[in-house]
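Subject: Structure for your review

Dear colleague,

I am passing on the structure that we talked about, and below it I have written out what was found. Please read the notes with the structure open beside them.

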Amino acid sequence: MSADAGPTYDVVVLGGGSGGYACALRAAELGLTVALVEKGKLGGTCLHQGCIPTKALLHAAEVADSAREGSRFGVKTTFESVDMSGVNSYKDGVVARLYTGLQGLVSARSIDYVEGSGRVVSVGAENQVVDVGGRRLTGRHLVLATGSVARTLPGLEISGRVMTSEQALSLDHVPARVIVLGGGVIGVEFASVFRSFGSEVTVVEALPRLVASEDEAVSKQLERAFRKRGITLRTGARFESAEQVGDVVAVTIEGGARLEADLLLVAVGRGPVTEGLGYEQAGVVVERGFVPTDERLRTNLPGVYAVGDIVPGLQLAHRGFAQGIFVAEDIAGLSPAPVDEGGIPRVTYCDPEIASVGLTEAQARERFGDVEVVEYNLGGNGKSQILQTQGFVKLVREKDGPVVGVHMIGARMGEQAGEAQLIVGWDAFPADVAGLVHAHPTQNEALGEAHLALAGKPLHAHG
Ligand code: NAI
């Protein structure tokens, strides 16, 4: 060890987003010494450019819709306009409070928080070295948690009226016309916000349906609901080119159709951040930008772990939290059970909301051959009728076996992800859930009713 070397930490974490900070907090809680390196803001994408600010926008969007639709409920309201400076200060206030809270947690646990851009210098037995602006941090273990950034397409430069979700989060006005490129999670959430704020919205998606990783029935229902909301859908339409001329951005899609708007939101996926960080030079295997790991989140090098969006799989904050906690416990010798990737809930917060856990019907058919499916329409659910929302709960079970997939769509259905996760995670049989009493009148009841139907004793179900 050289004379100016600092202490050797039990864990050095590179990246202070959901995966990295969760790992640092849990490791410190377990009595390990921890350095946490972050080049931007503690909390990362989720807190500053992702989940939290986007969901604040979606809530403001819901308030705008409520103002518009008061008469549906016999309440006289008028929608005047959306004041983006007011929306932004509400949204930024939410982020700021959570950010302060998170900074407090990190300092209270005596984590050495190191601001700056970290780079892996060398990896060796119990001797992982990271450089942060000339300062060397040495750890017995190293956790790579450098996250992801918005992708773009070849020839499509992000500038001016062409933006990703990051810039779209801080608009100072509501654009009159928006083209959303990509009908995945980010695309449909932003399409939903813009529409509620009063924009004319067109979604361009190369695949035949929106949210293509969800069950097909969910995609169909979302498409119906979006069309009813006046959102134009161009599915099966591959982007070809875009040009900005004056105040307009013009998009050409394959086949030659040309669309014009004031803003083009590019939402074609997020790519891992692993380049230029010394990973490959230190010997870490990187494949197509991702860091492959085993189920214990170990990279190919002993003592080096990876968590979050750089690990192939769902790019979700709660997966990052779970992986971060898992790695901290593994390093502390607690031998935790690996994170069950198949049981991670997915929620898309557009209106109507989508929540799902486990296998789609098509995936289950592929895996088990014979499956049973039930779709419980929210038309029979009192609370959903009170909210005037439409949608369903769809269950997929292995023939005579446990429930392997729960798929829900409708206003606020994201809140039902919790029970759905327990059902799939604990391999529940329909009869197990049918025997549980669900509170009336809640939307949660729809989950109970769907299981009653699948167990062969439907109550409020037609057909
Ligand atoms: P995505 O992978 O969900 O969707 C991208 C879409 O763009 C795909 O449907 C793809 O077919 C389409 N596309 C790609 N190239 C195209 C082209 N040339 N022309 C037309 N369409 C094209 O990625 P997205 O929406 O950008 O989200 C990135 C990640 O962030 C996802 O993994 C998502 O899970 C995560 N996220 C999660 C949220 C949540 O849990 N509520 C919210 C926002 C993001």
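Helices here are DSSP runs of H or I with at least four residues, strands are DSSP runs of E with at least two, and both are numbered from the N terminus. This is a predicted model, in which local features need pLDDT of at least 70 and side-chain atom pairs count only at pLDDT 80 or more, while totals for chains, interfaces and linings use all residues. Residues are numbered from 1 along each chain as its sequence is written, and side-chain values use heavy atoms, with hydrogens and water left out.

The ligand

A residue is taken as near the ligand if one of its heavy atoms lies within 4 Å of it. There are 24 residues around the ligand, and those that come nearest are Ile 186, Glu 189, Glu 205, Gly 269 and Val 347. Helix 6 (185–197) and strand 10 (200–205) each supply at least two residues of this shell, and helix 6 gives the most, with four residues. Domain 1 (5–149 + 272–341) and domain 2 (162–268) both give residues to the shell, so the ligand lies between them; the domain bounds come from an automatic or database domain assignment.

By residue type, the shell divides into 14 nonpolar, five polar and five charged residues, where Ala, Val, Leu, Ile, Met, Phe, Trp, Tyr, Cys and Pro count as nonpolar, Asp, Glu, Lys and Arg as charged, and the others, Gly among them, as polar.

Polar contacts are pairs of N or O atoms within 3.5 Å; within protein, one atom must be able to donate a hydrogen and the other to accept it, and residues adjacent in sequence count only if both atoms are side-chain atoms. A backbone N or O atom of Val 185 lies 3.2 Å from an oxygen atom of the ligand, and a backbone N or O atom of Ala 206 lies 3.1 Å from a ligand nitrogen atom. For Gly 269, a backbone N or O atom is 2.8 Å from an oxygen atom of the ligand. On its own the ligand has 850 Å² of accessible area, of which the protein covers 79%; accessible areas come from the Shrake-Rupley method with a 1.4 Å probe, and for residues only the protein chains shown count as cover.

Helix 8 and Asn 381

Helix 8 (residues 317–331) has 15 residues and reaches 21 Å from its first C-alpha to its last, close to the 21 Å expected at 1.5 Å a residue, the expected span being 1.5 Å times one less than the number of residues. For burial, the terms are buried for under 20% relative accessible area, exposed for over 50%, and partly exposed in between (1.4 Å probe, protein chains only). In helix 8, 11 of the 15 residues are buried, so this helix is largely enclosed by the rest of the structure; among them are Arg 319, Gln 323, Phe 326 and Glu 329.

Asn 381 sits in the loop between strand 20 (371–377) and helix 10 (382–387), and it counts as buried at 2% relative accessibility. A polar atom of the Asn 381 side chain lies 3.0 Å from the backbone oxygen of Thr 442.

Lys 228

Lys 228 lies in helix 7 (residues 216–228) and is exposed, with a relative accessible area of 67%. Its side chain is joined to that of Gln 390 by a polar contact of 3.4 Å.

Backbone features to check

Most residues other than glycine have a negative phi, and most peptide bonds are trans. A cis peptide bond, with omega about 0°, joins Asp 351 and Pro 352, and Pro 352 is placed in the loop between strand 18 (346–348) and strand 19 (353–358). The peptide bond from His 440 to Pro 441 is also cis, with omega near -5°, and Pro 441 is in the loop between helix 12 (430–434) and helix 13 (444–454).

Leu 297 is not a glycine but has a positive phi of about 65°; this residue lies in the loop between strand 16 (270–272) and strand 17 (304–306) and is buried, with a relative accessible area of 5%. Gln 388 likewise has a positive phi, near 60°, and is partly exposed, with a relative accessible area of 40%.

With best wishes
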